[in-house]
Amino acid sequence: MSDIEKKTSSADPVAGSRRQFLKTAGIGGAALAASTTFAAPAVHAQSKIRWRLQTYSGAPLGAHVIKPQIEAFNAAANGEMEIELYYADQLVPTAELFRALQNGTIDAVQSDDATMASPADVAVFGGYFPFSCRFSLDLPVLFQRYGLNEIWKEAYDEIDGVEWLSAGAWDPLHVFTKEPIRSLADMRGKRVFGVPTAGKFLSRYGLIPVTVPWDDVEVAIQTGQLDGVAWCGFTEAYEVGWADVCNYALTNNICGAWCGSYFANSKSWEKVPPHLKQLFLTTIDQSHYYRQVWYWGGEADLRVNGKKMELTSIPREEWSQVEKDAEQFWDEIAATSPRAGKVVKILKDYSALMEKAGFPYR
């Protein structure tokens, strides 16, 4: 019980407020007091809403992909709500994020669907879906103008306990290794830290996806447990220190943008008043914009001016086979569910449109 509530529950709960009213009323106080009884106004002490949000990323990367957004939200919430930010694996292992979100262990998550082990049939498109995007701007366009927003909402509305809020683009997917990759054959046997869908696709060329805690990746490469990473682009590789332990960067990218989303626990989301919901969604959009600029500028600059890794490439004639294999992979995924088929059709239609549009779209 707050101090205000204690005071209004005293032996004479109306006396104090009545005296103050009569004191400030100016005239007619005595007559009014003789004929009128005033009830104290109801007081509802609103406690601050507190959330725990865990991101897929470690702290060095999180300083860019989410920390500015959380800081902006907390400042603008004006004491009504506060979000505590946790980085990869700090509260729960990344692979258990969806379950922890669903049961309320945490209130919100920033991750791709696949990495957090979402059961939604669209989860396979989270992270890096091979060749689904050429540029980072493709992804928000697909969500906002080609129907993916509605499809993702529909998919998560079928799952109890979780609200899908928004998707945005991150960096392209490159492969960074200790030993060079100059042909598809060079991928064979290399153990890389990677995201689920892209890892599954690349495994047909002998690449071996390995899962370790995010903070252990650098040491795992140094000790030989890993041969590299297939997780990110140049910006992240330099930002988090992986460029310090990898010697080579493959310029052929598997996808132009990582697809990541924000999710909330349904009960936690219901308790948030409308104006704070809007504030959270607005700062999410701010975060999407920040990442577009940070990654786009970083990828170009570090590919040209970064000196820590030697650039390699797989010849065009070999890489064209990878692109053809991706078409088959798309069809395999499309057959897994009607909704997945709908997403693949959108990707195909969008890709065809961009090819026809030509420069600067393709």
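These notes cover pockets, aromatic pairs and two buried residues in a predicted model.

1. **Largest pocket.** About 570 Å³ of space lies in the largest pocket. Its lining is made of 22 residues, and those closest to the centre are Phe 131, Arg 134, Glu 323, Ser 351 and Glu 355. Three elements give two or more residues to this lining: β9 (248-255), α14 (316-334) and α15 (338-357). Helix α14 gives the most, with 6 residues.

2. **Character of that lining.** Sorted by type, the lining of the largest pocket has 9 nonpolar, 6 polar and 7 charged residues. Arg 134, Glu 323 and Glu 355 are among the residues closest to the centre.

3. **Second largest pocket.** Here the space is about 470 Å³. This pocket is lined by 24 residues, with Asn 149, Leu 165, Ser 166, Ala 167 and Asp 285 closest to its centre. At least two lining residues come from each of α7 (138-145), α8 (148-157), β4 (162-169) and α13 (274-305). Strand β4 has the largest share, at 8 residues. By type, the lining of the second largest pocket divides into 13 nonpolar, 6 polar and 5 charged residues.

4. **Aromatic pairs.** The structure holds 27 aromatic pairs. One of them joins Phe 98 and Tyr 156: the centres are 6.5 Å apart, the planes meet at 40°, and the pair is tilted. Phe 98 belongs to helix α6 (residues 97-102) and Tyr 156 to helix α8, so the pair ties together parts 58 residues apart in sequence. Phe 98 and Tyr 156 are both buried. Helix α8 also supplies at least two residues to the lining of the second largest pocket.

5. **A second tilted pair.** The ring centres of Phe 125 and Phe 129 lie 4.7 Å apart, and their planes are at 55°, so this pair counts as tilted too. Phe 125 is buried, and Phe 129 is buried as well.

6. **The ring cluster.** Which residues do ring pairs link into a cluster with Phe 125 and Phe 129? The other members are Phe 143, Trp 152, Trp 164, Phe 201, Tyr 205, Phe 329 and Trp 330.

7. **Thr 197, beside the cluster.** Thr 197 sits in helix α9 (residues 196-202). Is Thr 197 buried or exposed? Its relative accessibility is 6%, so Thr 197 counts as buried; the cut-off for buried is under 20%. Setting aside neighbours within four places in sequence, Thr 197 is in contact with Ala 114, Val 124, Gly 126, Tyr 128, Phe 129, Pro 130 and Phe 329. Two of these partners, Phe 129 and Phe 329, are members of the ring cluster.

8. **Ser 111.** Ser 111 is found in strand β3 (residues 108-111). Ser 111 is buried, and its relative accessible area is 0%. What does Ser 111 touch, not counting residues up to four places away in sequence? The list is Tyr 56, Leu 97, Met 116, Trp 258, Gly 260, Ser 261 and Phe 263. Leu 97 falls within helix α6 (residues 97-102), the helix that holds Phe 98 of the tilted pair with Tyr 156.

9. **A charge over a ring.** Arg 291 lies over the face of Trp 170. The distance from the ring centre is 3.6 Å. Arg 291 falls within α13 (274-305), one of the elements that supply at least two residues to the lining of the second largest pocket.

Methods
Residues numbered from 1 in each chain as written. Predicted model: local features only at pLDDT ≥ 70, side-chain atom pairs only at ≥ 80, totals over all residues. Heavy atoms only, no water. Helix = DSSP H or I, 4+ residues; strand = E, 2+ residues; numbered from the N terminus. Buried < 20%, exposed > 50% of the residue type's maximum accessible area, 1.4 Å probe, protein only. Contact = heavy atoms within 4.5 Å. 1 Å grid on protein atoms, 1.4 Å probe; cavity = no way out; pocket = protein on both sides within 12 Å on 5 of 7 lines; lining within 4 Å. Points joined across faces, edges and corners; volume = space filled by probe spheres on them. Nonpolar A, V, L, I, M, F, W, Y, C, P; charged D, E, K, R; others polar. Phe/Tyr/Trp six-rings, centres within 6.5 Å; stacked < 30°, edge-to-face > 60°. Lys NZ or Arg CZ within 6 Å of the ring centre and 35° of its normal.
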